[in-house]
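Reader: I have a structure to study for my course. Could you take me through some of its details?
Author: Certainly; here it is.

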Amino acid sequence: MASRRSRQFQTSTVPQPTDCESDWPVADPTDTLPPRMMQRSNPELNLSVLQRHLSSTTSIVSVAHYAVVYAFSPSAQHWEKSGIEGTLFVCQQSPAANLERYSVVVLNRKGLNDFICPLSGDIDFENGYIILRSTNGNGEDTIWGLWIFEEEGSSTAGSREMNAKTIQACAFRAANPASGQVFHSFSGYVDIPA
């Protein structure tokens, strides 16, 4: 039996599978990435990543750079951290049965489980938290709280309220398709009288 010190790790020259488009196998350091990848913007890259997690995503309505997901415990009557923290996206999905669909997605930086919540019904904004309700496969309601980081005098200033309004408007639009609201990516929404 070989000693532990004499064992060496063997490296493979075959490229390992990856889900990251930027992991391009480069045989020669002077080689470059394919032209299509060099021309993609951040919103395009974000959309392609979101479509891997939620294939029905058609566009990104709003982004918050950092959010934390809390779950409400009815038995203990308090909020508990869910362990999901990361970038929050408000996404428009492809229509189903001619109805618009939207969802909130938080891509988790702390683990493999992401937060995906379809928007429907009432959305509350209380004490700096966006309150969502969702129903799981067993018909049980879960109450979620989203806290979005913002700092005065920086690019994140006002993002909590702007994202809350956008989430409320998307939920309203999904429940009321003839509401007359028009969305503009990354800038919230505009009400247009019906």
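**Helix, serine and cysteines**

Reader: Which residues of helix 3 are buried?
Author: This is a predicted model. In helix 3, the buried residues are Ser159, Arg160, Asn163, Ala164, Thr166, Ile167, Ala169, Cys170, Ala171, Arg173 and Ala174.

Reader: And what span should helix 3 have?
Author: Helix 3 covers residues 159–175, which is 17 residues, so at 1.5 Å a residue the expected span is 24 Å. Its end C-alpha atoms are 24 Å apart, in agreement with that value.

Reader: Cys170 was among the buried ones. What is its relative accessibility?
Author: Cysteine 170 has 0% relative accessibility and therefore counts as buried.

Reader: How many disulfides are there in the whole structure?
Author: A search of the whole structure finds zero. Cysteine 91 is in no disulfide, and the nearest cysteine sulfur, that of cysteine 170, lies 9.4 Å away.

Reader: Why is there no bond from cysteine 170 to cysteine 91?
Author: The two sulfurs are 9.4 Å apart, which is too far for a bond; a disulfide requires sulfur atoms within 2.5 Å.

Reader: Is cysteine 91 buried or exposed?
Author: Cysteine 91 is buried, because its relative accessibility is 0%.

Reader: New topic: where is serine 103?
Author: Serine 103 is in strand 3, which runs over residues 99–108. With a relative accessible area of 1%, serine 103 is buried.

Reader: What does serine 103 touch?
Author: Leaving aside residues up to four places away in sequence, serine 103 touches Leu54, Phe89, Val90, Cys91, Gln93, Cys117, Pro118 and Leu119. The side chains of serine 103 and glutamine 93 are also joined by a polar contact of 3.4 Å.

Key: Residues numbered from 1 in each chain as written. Predicted model: local features only at pLDDT ≥ 70, side-chain atom pairs only at ≥ 80, totals over all residues. Heavy atoms only, no water. Helix = DSSP H or I, 4+ residues; strand = E, 2+ residues; numbered from the N terminus. Expected span 1.5 Å × (residues − 1). Buried < 20%, exposed > 50% of the residue type's maximum accessible area, 1.4 Å probe, protein only. Polar contact = N/O pair within 3.5 Å; in protein donor to acceptor, adjacent residues only side chain to side chain. Contact = heavy atoms within 4.5 Å.
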